[in-house]
Amino acid sequence: MPPTTGSGLAQMLSRVGISVADGTDEALTAAKSFWVDDPRLQPLRRLVEELMADGDWAVGVMGQDLVDQILYPVLYRRLDDAAIIGGAAPYSLVTQHLIAWYADQRKWLDALYQAWATDPEHGAANVTVLGRWLDEWLPRAQSATAPLLESIDQLLGGDAGAQEAGAAEVADIRERFTALGLPGTQTEEVSS
């Protein structure tokens, strides 16, 4: 399955939203209101908007990837089991697509980071800059995703382990970047 472009993903999610609401836009309207107004999502929304507005496209790519690396494994692997057990099979159908997209995206981004790090002319400087960005944006991504992960645990009665999973993903991100030759200088995690 080829990776989904942003507009393709938006179309798929729109179709799912219309299908869930029996052919109306009610679910889409509710989702937009949730994104714009719910206090638990405002740190994440603010971070995404900052990344979109940053003048350096590479910062935007890396920052959004850090958010994805925290959220995707939690939302689309760990919660898939809870959805199936809880009778939310449609969620599981959507996650299948998003898991495949994330795996393809991960390969592409890891190769991009590796290319930046091993560039014969600029590799050493790139490693320094990428390490600095990791130190700046990973704690911000963890902080921005924390309220969402906390609300997932609250909604599922704490059984989801979303907060613990998010913290584990942050540790895995640092290990992944170290394996790619892109170590950051910070080792402490942000507390939720």
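1. Residues 1–5 stay under 50 in pLDDT (the predictor's confidence in each residue, from 0 to 100). For this stretch the model has nine contacts beyond four places in sequence (contact: heavy atoms within 4.5 Å). Residues 187–192 also stay under 50, again with nine contacts beyond four places in sequence.

2. This is a predicted model, in which local features need pLDDT of at least 70 and side-chain atom pairs count only at pLDDT 80 or more, while totals for chains, interfaces and linings use all residues. Residues are numbered from 1 along each chain as its sequence is written, and side-chain values use heavy atoms, with hydrogens and water left out.

3. Overall confidence next. The protein averages a pLDDT of 84, and 88% of the residues score at least 70. Confidence is lowest in helix 1 (residues 6–20), at a mean of 69. It is highest in helix 3 (residues 42–53), at 95.

4. The protein has seven helices and zero strands (DSSP runs numbered from the N terminus: H or I of at least four residues for helices, E of at least two for strands). From the N terminus on, the order is α-α-α-α-α-α-α. Of the contacts with a separation of 6 or more, 67% link residues 24 or more positions apart.

5. Of the 192 residues, 40% count as buried (under 20% relative accessible area; exposed is over 50%, partly exposed in between; 1.4 Å probe, protein chains only). The largest nonpolar core has 44 residues (a set of buried Ala, Val, Leu, Ile, Met, Phe, Trp, Tyr and Cys residues joined through side-chain atoms within 4.5 Å). The residues with the most contacts inside this core are Leu44, Met62, Leu66, Tyr113, Ile152 and Phe177. Helix 3, helix 4, helix 5, helix 6 and helix 7 (162–179) each give two or more residues to this core. Helix 4 supplies the largest share, twelve residues. In soluble globular proteins, nonpolar side chains tend to be buried together.

6. The count comes to seven salt bridges (a side-chain nitrogen of Lys or Arg within 4 Å of a carboxyl oxygen of Asp or Glu). One of them pairs Arg106 with Asp65, with the closest N and O atoms 2.7 Å apart. Arg106 lies in helix 5 (residues 89–118) and Asp65 in helix 4 (residues 57–85), so this pair ties together parts that are 41 residues apart in sequence. Both Arg106 and Asp65 are buried.

7. Arg106 also forms a salt bridge with Asp110, at 3.1 Å between the closest N and O atoms. Asp110 and Arg106 are separated by about one helical turn, because they are four residues apart in helix 5. Asp110 has 18% relative accessibility, so it counts as buried. Arg106 has 10% and therefore counts as buried too.

8. Helix 6 (residues 123–155) holds both Arg140 and Glu136, four residues apart, about one turn of the helix. They form a salt bridge with the closest N and O atoms 3.7 Å apart. Arg140 is partly exposed, at a relative accessible area of 30%. Glu136 is partly exposed as well, at 39%. Salt bridges that share partners join Glu50, Glu136 and Arg140 into one network.

9. Check the geometry of helix 6. At 1.5 Å a residue, its 33 residues should span 48 Å (1.5 Å times one less than the number of residues). The end C-alpha atoms are 45 Å apart, which agrees. Helix 6 bends by about 35 degrees at Ala146 (the angle between axes fitted to the seven residues ending there and the seven starting there). A proline, Pro147, follows within four residues. After helix 6 comes Gly157, whose phi is positive, near 70 degrees.
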